[in-house]
Amino acid sequence: MGCLVSTPKDTGGNRRRPGSIGEVFVYVPGLRIPKPVDFSQSLSGHVSKTLVERLTAMRTRIVVMAGQEALTITRTRRKTTTQHGRSTLADLHQALEDYLPVLLGLVSDGSQLQFKVQFTWVNQEDDAEETAMFNAWYEVLSVLHLMAVLSLSQANLLLLPRTSADFYQPKASEESRRGSIDIFLKAAGYLDCAVRHVLPRLPSELRRNLPVDLAEGVLRALCLQALGQGVDIQLGMAIDSTKATLAVKRRLACEMVKYWQQAQDNLMNLPLSNGWGEKHRHFVKWKYVEAKAAAYYYHGLILDEGNTEKSHGMAVAALQAADEYFEESKKACEVFNAAHPLSRNLPLWGTMKYLSEKIPKDTSSKVRINRDLYSHEKNMGTPPTLPDFALALKPNEYQLPPVDPSWNENVQLGHIGTNEVKRG
């Protein structure tokens, strides 16, 4: 059950797309914006007036705040603060968290109320401007997606490089880097919950007709991206640490490759060709190639510790591959920035700042040493296979919250809510 309505063309009336989004460290999809809902008409006679008014007030606040945030969500700026000292980004996230337990009353114990209200959201990555469904699980899915996007935006703001105290080079502080990893895991948790516990609640027909923004492949890719960028930050911190061994750095780099490869695989057959969607695909390709440059570099350094001509040859092949992937990543970055909405190159910092200096230098040095040592030119051929490590970074275990207690007061109208949504 659950009727679907999609607006097939972008008429420009609701979808808002900036021409430029400034500097990007974390890919943040354009905000999907909820449109107003008339709960009183849909739920009259089924839900108490007090509960209807509460649902209406909470969702209206989200509609207004999301609309205001949409045009600036990816811009390079500090978030404005409210009179309570919180950022508007944090306030919108809190409003969504407050709304979710009340919303879940509509789906509690398989209630038929889940089919009474038509929820409409404006898309960003899909060709259809907006998608409407008479299914409250669609609304839950949209809320979790928005919570994840807001978290990614928060991480992006933390990781945009700023001039350091020593004025040596722009970078993100260690506190910001550590904080961003927690945020990445939180965003991944929302998306993982959406895939495992919310998507299965929708009938197969509705799942097939979801906008590409909410397609399972996109949700999984965003989850993997969050984890991949978390490992990127871990690698940067390992590079800064005198205690981290080459083996640790290689493992992190190889894990990063797997996250980005899986993200790319999940997007492979999806129709991401419209604005944000195309930019999304370019971002994943860029980061995947960048991760391979890091992995082959550290793999080459470890192979070079061997004592044989074969190990030294494999080391040179790995380092040459790293150099080629690094050059390819610079081109992929340019393609990403040129895709609409336009973005600007970040000042290099962290992992790629270090590797941009080390990869060309070490590759040239090892090739020369290898040639001098073995007194002949040799085509190194195919680079060695990267080690396969189990992925260590996992999403936070996010669970849907209990149904708001206000639903227990809805007895007089013949609908008794429970305190908890059954989890699949």
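**Exercise 1. Find which residues Leu 100 touches, leaving out those up to four places away in sequence.**

Solution. Start at Leu 100 in this predicted model. Set aside residues up to four places away in sequence. What remains is Val 140, Val 143, Leu 144 and Met 147, together with Tyr 398, Leu 400 and Pro 401.

**Exercise 2. Place Leu 100 in the largest nonpolar core, and say which helix gives this core its largest share.**

Solution. Take the core as a whole: it has 136 residues. Next, look for the residues with the most contacts inside it. They are Leu 100, Phe 119, Leu 144 and Leu 400. Two of these names, Leu 144 and Leu 400, also appear among the residues that Leu 100 touches. Now turn to the helices. Helix α4, residues 136-159, supplies 16 residues of this core, the largest share.

**Exercise 3. Decide whether Ser 311 is buried or exposed.**

Solution. First locate Ser 311: it lies in helix α10, which spans residues 309-338. Then read its relative accessibility, 12%. The cut-off for buried is under 20%. Ser 311 therefore counts as buried. Last, check its contacts beyond four places in sequence: they are Leu 303 and Gly 306.

**Exercise 4. Describe the whole protein chain: its secondary structure, burial, contacts and exposed area.**

Solution. Count the elements: 11 helices and eight strands. Turn to burial: 55% of the 424 residues count as buried. Then take contacts with a separation of 6 or more. Residues 24 or more positions apart account for 79% of them. Finish with the surface. The chain exposes about 18,700 Å², and carbon and sulfur atoms supply 50% of that area.

Note on methods: Residues numbered from 1 in each chain as written. Predicted model: local features only at pLDDT ≥ 70, side-chain atom pairs only at ≥ 80, totals over all residues. Heavy atoms only, no water. Helix = DSSP H or I, 4+ residues; strand = E, 2+ residues; numbered from the N terminus. Buried < 20%, exposed > 50% of the residue type's maximum accessible area, 1.4 Å probe, protein only. Contact = heavy atoms within 4.5 Å. Areas by Shrake-Rupley, 256 points an atom, 1.4 Å probe, with all protein chains shown as cover. Core = buried A, V, L, I, M, F, W, Y, C linked by side-chain atoms within 4.5 Å.
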